[in-house]
Amino acid sequence: VAQLEAQAPALLRAVMPRRLDLPGLAALLRGLLAEGVPLRGLADVFEALAGIEADHPARLQAVREALAGRITAEVAPEGQLEALMPDQEVERALRAAAVAPAAADAVLEGVRDGLARHPRAALVVAPEIRPAARTLCAAQFPGLPVLAARELTPGTKVIPVDVLYLD
């Protein structure tokens with residue numbers, strides 16, 4: 001933050017503390033790091049935060065979408081991404097306030113099977129269920145990228161290699 005203050009003081013003032021305080025920034029950065037988003041420089045993160053309302057309920061998701069270039073470079077450096085895709089029933093289950101144990105088991109089994117066939121695949125889901133899908137998969141598949149399509153740069157070729165079903 002001190003380096004950003006020297007390089008872009010106006011950007012820093014636009015975000016802190018008006019849109020985000022220091023503990024909130026630390027939590028956001030921990031969230032990005034936990035999900036494998038590279039944080040080589042904070043200017044991009046602060047530029048994304050400057051465009052997000054202070055009380056934005058999905059701040060982490062909005063920042064991830066603004067950092068699509070970084071995310072794409074990490075998961076699809078050659079411009080294409082093998083994707084595990086949920087069917088509508090899986091998406092519906094992940095939208096529920098609490099995912100039923102049987103549904104969670106079926107999704108995790110599908111991810112396990114899909115990764116056995118396509119070890120470099122990512123799970124690509126709708127943005128509103130990405131946090132739930134990430135939470136569900138994190139313990140068993142900590143290195144699995146769980147993405148929303150909006151987190152990829154335009155032109156990235158998403159290749160569906162497997163579909164996740166509940167049954």
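Modeller: Let's fix one term: buried means under 20% relative accessible area, exposed means over 50%, and partly exposed is in between, using a 1.4 Å probe and protein chains only. The model is predicted, so local features need pLDDT of at least 70 and side-chain atom pairs 80 or more, while totals for chains, interfaces and linings use all residues. Residues are numbered from 1 along each chain as its sequence is written, and side-chain values use heavy atoms, leaving out hydrogens and water.

Colleague: OK, why is Ala139 called exposed?

Modeller: Ala139 has a relative accessible area of 74%, which is over the 50% cut-off, so it counts as exposed. You'll find Ala139 in the loop between α9 and β3; helices (H or I, at least four residues) and strands (E, at least two) are DSSP runs numbered from the N terminus. Its C-alpha atom is separated by 21 Å from that of Arg92, 47 residues apart along the chain.

Colleague: What makes Asp44 and Arg70 a salt bridge?

Modeller: The rule asks for a side-chain nitrogen of Lys or Arg within 4 Å of a carboxyl oxygen of Asp or Glu. Asp44 and Arg70 come to 3.3 Å, N to O, so the pair passes. Asp44 sits in helix α4 and Arg70 in helix α6 (residues 68-75), so this pair ties together parts that are 26 residues apart in sequence.

Colleague: Are those two residues buried or exposed, or in between?

Modeller: They split. Asp44, at 35%, falls between the cut-offs and is therefore partly exposed. Arg70, at 13%, is under 20%, so Arg70 is buried.

Colleague: How do you know that Arg117 forms a salt bridge with Asp162?

Modeller: Same test: the closest N and O atoms are 2.3 Å apart, so the pair is within the 4 Å limit. Arg117 lies in helix α8 (residues 101-117) and Asp162 in strand β4 (residues 157-164), so the link joins parts 45 residues apart in sequence. Asp162 is buried, with a relative accessible area of 14%.

Colleague: How many salt bridges does the rule give?

Modeller: The count comes to nine. Another is Glu151 with Arg130, with the closest N and O atoms 3.2 Å apart. Glu151 is in the loop between β3 (146-148) and β4, and Arg130 is in helix α9 (residues 130-138), so parts 21 residues apart in sequence are tied together. Both of these residues are buried. Through shared partners, salt bridges join Glu35, Arg64, Arg130 and Glu151 into one network.

Colleague: Switching to helices: why is α4 called oblique to α5?

Modeller: Helix α4 (residues 43-50) and helix α5 (residues 59-66) pack at about 120 degrees, with axes 9 Å apart. Under 35 degrees is roughly parallel, over 145 roughly antiparallel, 65 to 115 roughly perpendicular and the rest oblique, so 120 makes α4 oblique to α5. Val45, Ala48 and Leu49 in α4 meet Arg59, Val63 and Ala66 in α5, where a contact is heavy atoms within 4.5 Å. By class, that contact has five nonpolar, no polar and one charged residues.

Colleague: And which residues of α3 meet α4?

Modeller: Leu25, Leu28, Leu29 and Leu32 in α3 meet Val45, Phe46 and Leu49 in α4. Those residues divide into seven nonpolar, no polar and no charged; Leu, Val and Phe are among the types that count as nonpolar. Helix α3 (residues 22-34) packs with α4 at about 115 degrees, the axes being 13 Å apart.

Definitions and conventions
Axes fitted to C-alpha atoms, helices over the stretch in contact; angles between N-to-C directions.
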